[in-house]
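Ready for a bit of hands-on work? Have a look at the chain below and keep the viewer open while you go through the exercises.

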Amino acid sequence: MAAPDTVALGSEAKLVSLEDWIAEGTPAGAAVEVPGDGDLDGLYETLTTAATIVVVLPSFVDGRAFSHARKLRDLGFDGALLATGDVLADQWQFLKRCGFSGLLESSLASTAQHLKGFSQGYQADEEQDQPVYRRRPRA
């Protein structure tokens, strides 16, 4: 699995909190910071209009950020979906499979690229819509 991209928000991109983004009228060019442990029910559709979403993982044991990513991708979000916060290097392959496109400015990216990952996942995911047993060639 490829190493994660480390993304530095350019000077033209303004990282705003979810609350401020909503208060500002959900401007399309903003990068929105979303709490990974927050309740986003009712906000997913609105978030799909953002250019970039940065999900802050409060703890490496909290899986809600993975669910947020999957839901956003399922609803058609095709912008940059970045992880930041308490992310472990060996979580990258799972973050990517859920729909994350990179990490927000982190030395973690260089660590993750040196990990030996699996060449493919067993389950269907963001990049592969068939589980491994359906991808095997039939004799």
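Here come three exercises, each with a worked solution.

Before you start: this is a predicted model, in which local features need pLDDT of at least 70, side-chain atom pairs count only at pLDDT 80 or more, and totals for chains, interfaces and linings use all residues. Residues are numbered from 1 along each chain as its sequence is written, and side-chain values use heavy atoms, with hydrogens and water left out.

**Exercise 1. Find out which residues of α3 are buried, and where around the axis they lie.**

Step 1: Set the terms. Helices (H or I, at least four residues) and strands (E, at least two) are DSSP runs, numbered from the N terminus. Buried means under 20% relative accessible area, exposed over 50%, and partly exposed in between (1.4 Å probe, protein chains only).

Step 2: Go through the helix. The buried residues in α3 are A65, F66, H68, A69, L72 and R73. They sit on the same side of α3, because they cover an arc of only 160° around the axis (the arc is that of the directions from the helix axis to the C-beta atoms).

Step 3: Look at what lies over them. The cover includes β3 (31–35), α2 (44–47), β4 (52–57), β5 and α4 (92–98), where contact means heavy atoms within 4.5 Å.

**Exercise 2. Work out where G79 is found and what it touches.**

Step 1: Place the residue. G79 belongs to the loop between α3 (64–74) and β5 (80–85). Back just after α3, G76 has a positive phi of about 100°.

Step 2: Check the burial. G79 counts as buried because its relative accessibility is 18%.

Step 3: List the partners. Leaving out residues up to four places away in sequence, G79 touches A51, R73 and S101. Now turn to R73: this helix α3 residue is buried too, at 13% relative accessible area. By the same sequence cut, its contacts include D78, G79, L81 and E126.

**Exercise 3. Track down the salt bridges and say how many there are.**

Step 1: Apply the rule: a side-chain nitrogen of Lys or Arg within 4 Å of a carboxyl oxygen of Asp or Glu. That gives two salt bridges.

Step 2: Take D62 and R64, whose closest N and O atoms are 2.6 Å apart. D62 is buried at 16%, while R64 is partly exposed at 41%.

Step 3: Take D74 and R70, which meet at 2.8 Å, N to O. About one helical turn separates them, because they are four residues apart in helix α3. D74 is exposed at 54%, and R70 is partly exposed at 25%.
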